[in-house]
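Reader: I'm new to this one and I'd like to know the reasons behind the labels. Can you walk me through it?

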Amino acid sequence: MHITNKTNNSQKNRLIIVSNRLPIVLSKDNKGRWQAEQGSGGLITALAPVLKNRGGLWIGWPGTSRAHDKKALESVFTRAAGDFGYTFEPVFLPESLVNAYYFGFSNQVLWPLFHDLQTRCDFSPDYWNAYQKVNEIFARTIAQNIKSQDDHIWVHDYHLMGVGQALRKLHATAKIGYFLHIPFPPLDIFLKLPWRFQILESLLCYDMIGFQTQRDRRNFVQCVHAMLNHIRIKGRGQVLSTQVNGRMVRVGNFPISIDYNEFAKKAGTRAVEKRVDEIRAVFPSDHLILGVDRLDYSKGIPERLLAFRNALQRYPELEKKISMVQIVVPSRQRIPEYENLKHEIEQLISEINGTFTRPGWVPIHYLYQGVDRTELTALYRAADIALVTPLKDGMNLVAKEYCASNIHLDGVLILSEFAGASSQLYKHALLVNPHDIEGIADAINQACHMGLDERKKRMRALRKIVKKTDIYWWVDTFLKAVFSHDLDTLGPLEDYIPSQEISNRKNSEAP
Ligand code: ADQ
């Protein structure tokens, strides 16, 4: 039994999860009627039993703005509640607000800024106004659904930083936890935000502000101390605290994870085994390298392709011995920068293949599509090397999924030191600076030449960490940290979050 289930049997407070999107995939059947399926991410898998257990509720935007869909969808959500065992409360938003709040403020201000890419920001005041309005609409929906002040509310991610403050204005006294899935930027970058004070003050209205890593938490604490000098955040260990207007506010770091057992189990199934054989037959080269990303400039895809080209140039003996599969899942297509990035990636791949292809060998295979779980797990298992090189990433689940799927322990993880995952995996992955093209190329070459014993030793250690701190551990730890009075009950996270997150070690140093 997972810890999550154990804890929740003794704590029956109703749980309200709030996120930008509902965890439901809506589609229409051939008669044009809406139908709902539960989403498949690790977060949903981990939260569903907790929500069921506590008679919980999930609040979010359903993904459609069309007024005439509203009525039809209401009955779909009622049916889904019966099927899934917890309730859904859709927040309907007009399309103009979705554009300015989601594509505008969330993804053209907060997303680039918090990934240290301030030159990509569009600080349009209209976006900020829409963001505030939507956060207020969410808060009103939550307030209407709070049944008792013992309800526990957990708000997710950068789209909803202002919900806590809007709820306090509505006099909500229930405990509210907040988790930021993306990084929190350093002071110098955060200061560029025209609404920096409002965002910081909004965050301090939550009872707990959760970050992925110590680095994010440290950045936040530095911003608070520099900008709001009447507030001092103190403490040691995983959870710090401060007093804001007579309320205790906790600040912690909780590295999100995956359903490790599900990936490991899936990797051993016959269906995956069969696909692994087929994939290996298509790529007879000695080393198969895999990249799997959402289309996003933070993922460092062009830089990774340049590094692969550099490896082919500087290590000519890799010719015909190495193949790369790069899968990119379409994302945020309405934002022009994403369309430009797609063209940049496709042009680079075409140039590299044009230069290096030889009869019987194409260096890069590119898929611009989502792949299903069996295919994804088979690719993880078949790949000798995973290249996970985001310029900055809150955590990066691909790195953890690769380790969990690597049941034969023979894969090598090359990991960006700016992915949150490096805070846990830095000792056993080959750590790279994603801007250092030659450094990544060297790591590719090193991985190709790494002996089986070393690969196994590293992968065994990586899997142990991912297994121990899986998504169930994450949900349980976060909920305890927000809602329990006794923080001593938290596990020894220090083992897994070294304070020295950026390692100066050379990759050649054995773990
Ligand atoms: P993302 O930026 O979406 O998440 P990531 O953590 O890597 O990034 O998760 C991506 C997910 O999409 C993975 O589960 C992966 O398997 C899946 N995926 C990617 N490409 C796919 C494809 N082509 N086909 C099918 N599935 C694909 C944000 C933050 C991260 C943070 C997570 C969770 O940006 O830093 O780790 O939230 O908090």
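Reader: Where is Leu43 found?

Author: Leu43 sits in helix 2, residues 42–54. Keep in mind that this is a predicted model.

Reader: How do you know which residues Leu43 touches?

Author: Touching here means heavy atoms within 4.5 Å. Leaving out residues up to four places away in sequence, Leu43 touches His156, His181, Ile471 and Trp474. Tyr472 is 429 residues from Leu43 in sequence, yet their C-alpha atoms are 8.9 Å apart in space.

Reader: His181 caught my eye. What makes its approach to the ligand a polar contact?

Author: The cut-off for a pair of N or O atoms is 3.5 Å. A polar side-chain atom of His181 lies 2.7 Å from an oxygen atom of the ligand, so that pair is a polar contact.

Reader: Which other residues have polar atoms that pair with a ligand oxygen in this way?

Author: Met395 and Glu401 do. For Met395 it is a polar backbone atom, 2.8 Å from an oxygen atom of the ligand. For Glu401 it is an N or O atom in the side chain, at 2.6 Å from a ligand oxygen. Both values are within 3.5 Å, so both pairs count as polar contacts.

Reader: How much of the ligand does the protein cover?

Author: On its own the ligand has 710 Å² of accessible area, and the protein covers 82% of that. The elements that give two or more residues to the shell around the ligand are strand 11, strand 12, helix 14 (373–382) and helix 15.

Reader: Which residues come nearest to the ligand?

Author: There are 22 residues around the ligand, and His181, Val371, Asp393, Met395 and Glu401 come nearest. By type, the shell divides into 11 nonpolar, six polar and five charged residues.

Reader: Why do strand 11 and strand 12 count as paired?

Author: At least two bridges are needed for a pair. Strand 11 (residues 287–294) and strand 12 (residues 322–329) are joined by eight and run parallel, so they pair. Arg294 stands opposite Val329 in strand 12.

Reader: What is the strand order of the six-stranded open sheet?

Author: The order is 13-12-11-14-15-16, with parallel pairing.

Reader: Why are strand 13 and strand 16 called edge strands?

Author: Strand 13 (364–368) and strand 16 (430–432) each pair on one side only. Neighbouring strands of this sheet are turned by 20° against each other on average, direction ignored.

Reader: What makes you say that helix 15 packs on the sheet?

Author: Helix 15 (residues 397–405) touches strand 11, strand 14 (385–388) and strand 15 (412–416). The direction of helix 15 makes about 170° with that of strand 15.

Reader: And the open sheet of eight strands: what is its order?

Author: That one goes 5-4-1-6-7-8-10-9, with mixed pairing. Its edge strands are strand 5 (87–90) and strand 9 (239–244), each pairing on one side only.

Reader: Which strand pairs show parallel and antiparallel pairing?

Author: Strand 6 (residues 152–156) and strand 7 (residues 175–179) pair in the parallel sense over five bridges, with Val155 opposite Tyr178 in strand 7. Strand 9 and strand 10, by contrast, run antiparallel and are joined by six bridges. There, Leu240 stands opposite Val251 in strand 10.

Reader: How many residues lie between the strands in the hairpin of strand 9 and strand 10?

Author: Two, and Asn245 in that hairpin takes a positive phi near 50°. Another hairpin, formed by strand 2 and strand 3, has five residues between its strands, and Gly32 in the turn has a positive phi of about 80°.

Reader: How do you know that strand 2 and strand 3 pair?

Author: Same kind of check: the cut-off is at least two bridges. Strand 2 (residues 24–28) and strand 3 (residues 34–38) have five, in the antiparallel sense, so they qualify. Within this pair, Leu26 has Ala36 as its bridge partner in strand 3.

Note on methods. Residues numbered from 1 in each chain as written. Predicted model: local features only at pLDDT ≥ 70, side-chain atom pairs only at ≥ 80, totals over all residues. Heavy atoms only, no water. Helix = DSSP H or I, 4+ residues; strand = E, 2+ residues; numbered from the N terminus. Axes fitted to C-alpha atoms, helices over the stretch in contact; angles between N-to-C directions. Near = heavy atom within 4 Å. Polar contact = N/O pair within 3.5 Å; in protein donor to acceptor, adjacent residues only side chain to side chain. Areas by Shrake-Rupley, 256 points an atom, 1.4 Å probe, with all protein chains shown as cover. Nonpolar A, V, L, I, M, F, W, Y, C, P; charged D, E, K, R; others polar.
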